[in-house]
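Hi,

Here is the model I said I would pass on. Have a look at it first, and then read my notes below.

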Amino acid sequence: MCANAMDVRKQELRRRLRRLRAELGHAKRADADARIQDKLLALPAYREADVILTYLDVGAEVCTRGIVRKAWQDGKVVAMPYCVPHTRLMRWYCIDSFEGLVRNRFGVDEPNPSVAFEQPLDAGLRMLALVPGLTFDAQGYRLGYGGGFYDTFLEGFSGVSVGLCREAQMSAGLRAQGVVDSFDMPVHLVVTDQSVYTCTAI
């Protein structure tokens, strides 16, 4: 399939998924997110992790703030991504509160690299990365927002990657739908409000 046709399919699927997500309503999303949090915190990969690399939810994304608070309580290092301007690269900076974050050009709060401590990804620590997406499938493939940052990150990440997705937003066979590129990397696990999908070997 040519890139142009794939781009069209991706945009159509993104529109449908955003509409579906909005139609779930706040109460259903909040209930699902609480169940997702419980399942994530019960994972051995979470319990064994020294560092949690996480996005901070925006709008109707799966909420991560409760997970972050619990990680702090559990004595784990929490780091958030900083999107390097004019690239598709992310650097990770430690946070110990939700204060002092800066709104970037995408409307996303992120650490201020001039004052925050950078967390090296090759520090020999056990790392768990929480990955956002509009949808995932049971094979761990995802459809994101089109920026390419997480695709680039996952390619070189040696820790455990976990997609967070409400079951109602899961998709069947994204590759079969023609929206997965050859360079797309699946996550190891997908956690929903109903299931934990093991996608690739950890």
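**The sheet and what packs on it**

Keep in mind that this is a predicted model. Seven strands make up an open sheet with mixed pairing, and their order runs E3-E2-E1-E6-E9-E10-E11. The edges are held by strand E3 (90-94) and strand E11 (196-198); each has a single partner strand, so one side of each is left without a neighbour in the sheet. Going from one strand to the next, the twist averages 25°.

If you want a place to zoom in, try strand E6 (residues 127-131) and strand E9 (residues 160-164), which pair in the parallel sense over four bridges. Within that pairing, Leu 130 stands opposite Val 162 in E9.

Two helices to look at here are H3 and H4. Helix H3 (residues 65-73) packs on the sheet and touches strand E1 (51-53), E2, E6 and E9. The direction of H3 makes about 135° with that of E2. H4 also packs on the sheet, with contacts to E1, E2, E3, E6 and E9. For H4, the direction makes about 80° with that of E3.

**Aromatic pairs**

How many aromatic pairs does the structure hold? The count is five. One to pull up is Tyr 82 with Tyr 93, an edge-to-face pair at 6.1 Å centre to centre and 85° between the planes. This pair links distant parts of the chain, as Tyr 82 is in strand E2 and Tyr 93 in strand E3, 11 residues apart.

**The largest pocket**

On to the open spaces. The largest pocket has a volume of about 880 Å³. Its lining is made of 37 residues, and those nearest the centre are Gly 144, Tyr 145, Gly 146, Gly 147 and Gly 148. Which elements supply at least two residues each of that lining? They are helix H1 (3-41), strand E2 (77-83), strand E5 (109-110), strand E8 (142-143) and helix H4 (149-156). H1 gives the largest share, seven residues. Sorted by class, the pocket lining has 18 nonpolar, seven polar and 12 charged residues.

So H4 turns up twice in these notes: H4 packs on the sheet, and H4 supplies at least two residues of the lining of the largest pocket.

**Two cavities**

There are also two cavities of 30 Å³ or more. The largest cavity has a volume of about 40 Å³. Its lining consists of Arg 21, Tyr 55, Glu 61, Val 62, Pro 132, Gly 133, Tyr 145, Leu 164, Arg 166 and Gln 169. By class, that is five nonpolar, two polar and three charged residues. Tyr 145 is worth a click, since Tyr 145 lines this cavity and is also among the residues nearest the centre of the largest pocket.

The second largest cavity comes in at about 30 Å³. Around it you will find Tyr 141, Arg 142, Asp 151, Val 180, Asp 184 and Met 185. This lining divides into three nonpolar, no polar and three charged residues.

**One loop residue**

Last stop: Leu 101, in the loop between E3 and strand E4 (102-103). What does Leu 101 touch, not counting residues up to four places away in sequence? The contacts are Leu 56, Met 80, Ile 95, Asp 109, Glu 110 and Pro 111. As for Lys 28, its C-alpha atom is separated from that of Leu 101 by 28 Å, and the two residues are 73 residues apart along the chain.

Cheers

Key
Residues numbered from 1 in each chain as written. Predicted model: local features only at pLDDT ≥ 70, side-chain atom pairs only at ≥ 80, totals over all residues. Heavy atoms only, no water. 1 Å grid on protein atoms, 1.4 Å probe; cavity = no way out; pocket = protein on both sides within 12 Å on 5 of 7 lines; lining within 4 Å. Points joined across faces, edges and corners; volume = space filled by probe spheres on them. Nonpolar A, V, L, I, M, F, W, Y, C, P; charged D, E, K, R; others polar. Pairing = 2+ DSSP bridges. Axes fitted to C-alpha atoms, helices over the stretch in contact; angles between N-to-C directions. Contact = heavy atoms within 4.5 Å. Phe/Tyr/Trp six-rings, centres within 6.5 Å; stacked < 30°, edge-to-face > 60°.
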